Structures are given as C-alpha cells and as structure tokens.
Amino acid sequence: MIYFFIPDYHFSEYGGPDGELGASLRYLSQRFTMPLPELKATLTDIGTEELNHLEMIGAIVYQLTKDLTEDEIKKQGFEDYFVDHTTGVYPQSAGGSPYTAASMQVKGDPITDLHENMAAEQKARSTYDNILRFCDDYDVKDAIRFLREREVVHYQRFGENLRLMTDKLDEKNFYAFNPSFDKKCFKNCMKKK
C-alpha cells in the first residue's frame, strides 16, 4: 500500500454532516414511521449497510494513522486532533466539528423523509467524489469507489420507494397530509386505488 495520509477527508465520511454515521441513524430512525412494510424494509437494509460503511471508513482511517510519527503528525496538521484523540477514530467532520445528530433529519412524513434520504445519498456521493480528487492511494481509492457506487444504488432504491409511496396515495393530495400520521386519510386513499 502506498502511504498517503488523508484522515480529514475520511473523518468527514465517518462522522461529518453527510457521513455514514448520520445516514445510518437517519434511516434506522425513519423506519418507525414508514406506513408501508416495503419502505420499512428498505430503510432497515440501507441503515444497516451504512453501519458497515462506517466500519470500512473507520478501518481506512485507522490504517492510515496508526503508525504516524511525531514529525508526520506535525507535517500533516494533525496535532490538534492528536492532542484530543491520539490516533483513535473519532466521529467528526473534516473541519473538526464532532458528530451531532443536528446534522440529520427525521420528520415522520414519508414523502419528506424519502426526499431527504435521496438528497443525503447525493451529498455523500459528492463527498466521495471530492475524496477521490485528492487521494492518490490506489488501495484507498478502490474502497472509496465502492462506497460511492453504493450511494448511487441507495439513491435509486429511495427513488423507487418514493414512487411506491406516491402510487399508494391519491396523487391529487399526496402533499396535503402526512400518511404516517393521518392514518385514516391514508387508508381511504389506498381504498380508492
């Protein structure tokens, strides 16, 4: 493996606002209010997969930082992080902000949440694109390309779920109510189809 130190970029995908930790928590939290079992299943599957991605990013960061010397720590601008965490893998953005649940959204409205998820997958894809622009370690790039591809697949699955959800609703009213909260209205709309 060619040694190239880029922890800030990987930390962002670990615990940044568009990272794997936030995605997993978002999807696993949203599944409780999804009115259709197929949507709950998708959120459970993708939320669990995002935890696997979190583990992959953590392993990459650990492998890139575990053997740093004091000179490398200083040269890479890693000393502020090192003072607080040594080379432990800690969820934060590339700018150094610790992970916060305030960077994710769970509204309890399936239409809103599915749009949020599609946007989140695109933001994560963009972040991976940016990592690939700066990374010259071929082993790391292969893993990042894989993770980027999964973001595209997740975007497509959420798009399919959005179509399934809107097909179950009265198209004239699908923005007029929250189907997971307004259950009576949701049941009546489903009967009309």
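**Glutamate 20 and helix H7**

Hi everyone, let's start with one pair: the side chains of glutamate 20 and tyrosine 128 are joined by a polar contact of 2.4 Å (N or O atoms within 3.5 Å, one able to donate a hydrogen and the other to accept it; residues adjacent in sequence count only if both atoms are side-chain atoms). This is a predicted model, where local features need pLDDT of at least 70, side-chain atom pairs count only at pLDDT 80 or more, and totals for chains, interfaces and linings use all residues. Residues are numbered from 1 along each chain as its sequence is written, and side-chain values use heavy atoms, with hydrogens and water left out.

Glutamate 20 sits in helix H2, residues 20–30 (helices are DSSP runs of H or I, at least four residues, numbered from the N terminus). Glutamate 20 is buried, meaning under 20% relative accessible area with a 1.4 Å probe, protein chains only. What is the nearest side chain of opposite charge? That is arginine 26, 8.4 Å away, and glutamate 20 has no salt bridge (a side-chain nitrogen of Lys or Arg within 4 Å of a carboxyl oxygen of Asp or Glu). Leaving out residues up to four places away in sequence, glutamate 20 touches Glu151 and His53, among others (heavy atoms within 4.5 Å).

Glu151 brings us to H7, where Glu151 is buried, as are His154 and Phe158. At the N-terminal end of H7, aspartate 137 acts as a cap, with a side-chain oxygen 3.0 Å from the backbone nitrogen of aspartate 139.

Zooming out, friends, the protein has eight helices and zero strands, and 45% of its 193 residues count as buried. Thanks for listening!

Note on methods:
Helices (H or I, at least four residues) and strands (E, at least two) are DSSP runs, numbered from the N terminus. Buried means under 20% relative accessible area, exposed over 50%, partly exposed in between (1.4 Å probe, protein chains only). Lys and Arg count as positive and Asp and Glu as negative; His and the chain ends are not counted.
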